[in-house]
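Welcome, and thanks for taking a look with me. Below are a few points to read alongside the structure, so please keep it open as you go.

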Amino acid sequence: MLLKKNIPIRYIFGKIKYEILFVTIYGFAIEIIYQNFHITNISIPLTVQTVLGTIISLLLAFRSNQAYDRWWEARIIWGAIVNDSRTLGRQIISLMESPFEPDHIEAFKHRMIKRQIAWCYALGKGLRRDDPMPLIRKFVSEEEYEFVKDYDNKHVGLIQLHARDLNNALKQGWINPYQQVEIDRTITRLCDSMGKAERIKNTVFPATYSLYIHLALHFFIILLPFGLVDLFGFLMVPVLIVITACFFLIEKMAIHLQDPFENKPTDTPMLSISRNIERDLKQMMQDQQVPMAFQADKFYIL
């Protein structure tokens with residue numbers, strides 16, 4: 001994803017450089033024919049291009065809005081994943097206590113939190129069709145790694161391990177049924193976010209809709225020089241380039257936004273978000289290990 005606020009001009013126009021090259025050559029060809037061969041009957045009233053351009057503008061605006069809605073929904077989903085991951089870490093750390101098995105409890109907390117970090121990375125990599133196993137190996141045991149390896153969607157396998165460990169914690173008496181229900185609700189919300197992200201990934205933007213707009217845009221660009229040649233002369237070419245660049249950039253913007261999980265600069269920054277989650281959860285575990293004493297209605301670090 002682009003992390004800078006100022007997008008380089010080279011990046012912007014690099015996306016339409018071939019289209020601009022075609023328009024430039026085409027515009028010069030029309031102008032040369034008009035001026036040198038005195039073929040004046042190729043001129044077309046600008047009203048035709050104006051009406052067609054207005055229609056295409058409305059279609060591009062509608063498509064851009066739909067593409068942005070998909071991108072924004074993806075960002076909302078990952079915002080919810082951040083919140084629920086922190087909530088899960090807080091619940092695991094604060095709700096699970098046992099005076100008889102402190103070592104087992106601590107190992108359980110570490111395992112659950114590290115697995116949640118692995119789940120975030122696995123979901124991000126899975127949505128981009130990348131292999132998440134190298135990242136998962138860093139956070140899970142060998143047994144869990146072998147278990148997840150058999151799943152087509154690795155993040156589903158990790159959620160299943162969450163559910164299995166939560167059920168085991170209830171049987172061991174580390175949490176009571178009410179705490180188990182609350183933690184399970186958090187895991188359920190993570191499942192909901194996972195399903196919503198997969199729905200966006202697997203729902204293809206209608207190809208025919210994109211094709212029709214693309215064809216109409218090219219037809220408009222083909223007709224446009226015939227309406228400008230009488231008005232601008234050789235200045236018609238730069239005017240043509242500016243107008244067509246605006247239309248092409250809007251179309252490219254919609255194409256890039258319509259799938260926010262394609263590992264493009266305009267994508268949802270899933271790996272960056274996952275790193276932030278990893279940092280926060282690890283810090284929560286470190287703070288949990290600092291002994292605290294309660295005195296005079298305040299907490300003091302010993």
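1. Let's begin with a space rather than a helix. Please keep in mind that this is a predicted model. Its second largest pocket holds about 180 Å³ of space. To find this pocket on screen, select A122, G126, L127, R129, P132, D152, N153, K154, H155, E198, K201 and N202, which line it. Three helices each give two or more residues to that lining: α4 (102–127), α7 (154–172) and α8 (177–202).

2. What is the make-up of the pocket lining by residue class? Five of its residues are charged, four are polar and three are nonpolar. Among the residues of the lining are R129, D152 and K154.

3. Next, follow α4 and α8 away from the pocket. Their axes lie 10 Å apart, and the two helices pack at an angle of about 10°. Angles under 35 degrees count as roughly parallel, so α4 is roughly parallel to α8. From α4, the contact uses Q116, W119, L123 and L127, while α8 brings L190, M194, A197, E198 and K201. By class, six of these contact residues are nonpolar, one is polar and two are charged. You may recognise some names here: L127, E198 and K201 are part of this contact, and L127, E198 and K201 also line the second largest pocket.

4. Helix α8 has another partner to look at. The axis of α3 (residues 46–95) comes within 9 Å of the axis of α8, and the two cross at roughly 160°. Since angles over 145 degrees count as roughly antiparallel, α3 and α8 are roughly antiparallel to each other. Their crossing is left-handed. The contact of α3 with α8 includes twelve nonpolar, six polar and seven charged residues.

5. Finally, turn to α2 (residues 17–36) and α9 (residues 207–232). How do these two helices meet? Their axes come within 10 Å and cross at roughly 40°, which makes α2 oblique to α9. The crossing of this pair is right-handed. On the α2 side, V23, Y26, I30, E31 and Y34 make the contact, and on the α9 side I221, I222, P225, F226, V229 and D230 do so. Nine of the residues in this contact are nonpolar, two are charged and none is polar.

6. If you would like a short tour, start at α4 and α8, which pack at about 10°. Then view α3 against α8, crossing at roughly 160°, and end with α2 and α9 at roughly 40°.

Definitions and conventions: Residues are numbered from 1 along each chain as its sequence is written. This is a predicted model: local features need pLDDT of at least 70, side-chain atom pairs count only at pLDDT 80 or more; totals for chains, interfaces and linings use all residues. Side-chain values use heavy atoms; hydrogens and water are left out. On a 1 Å grid over the protein atoms alone, a cavity is a set of points where a 1.4 Å probe fits but cannot get out, and a pocket is an open set with protein on both sides within 12 Å along at least five of seven lines; lining residues have an atom within 4 Å of a point. Grid points are joined across faces, edges and corners, and a volume is the space filled by probe spheres set on the points. Helices (H or I, at least four residues) and strands (E, at least two) are DSSP runs, numbered from the N terminus. Ala, Val, Leu, Ile, Met, Phe, Trp, Tyr, Cys and Pro count as nonpolar, Asp, Glu, Lys and Arg as charged, and the others, Gly among them, as polar. Axes are lines fitted to C-alpha atoms, for helices over the stretch in contact, and angles run from 0 to 180 degrees between N-to-C directions. Angles under 35 degrees count as roughly parallel, over 145 as roughly antiparallel, 65 to 115 as roughly perpendicular and the rest as oblique. A crossing is left-handed if the near helix is turned anticlockwise from the far one by less than a right angle, and right-handed if clockwise. Contact means heavy atoms within 4.5 Å.
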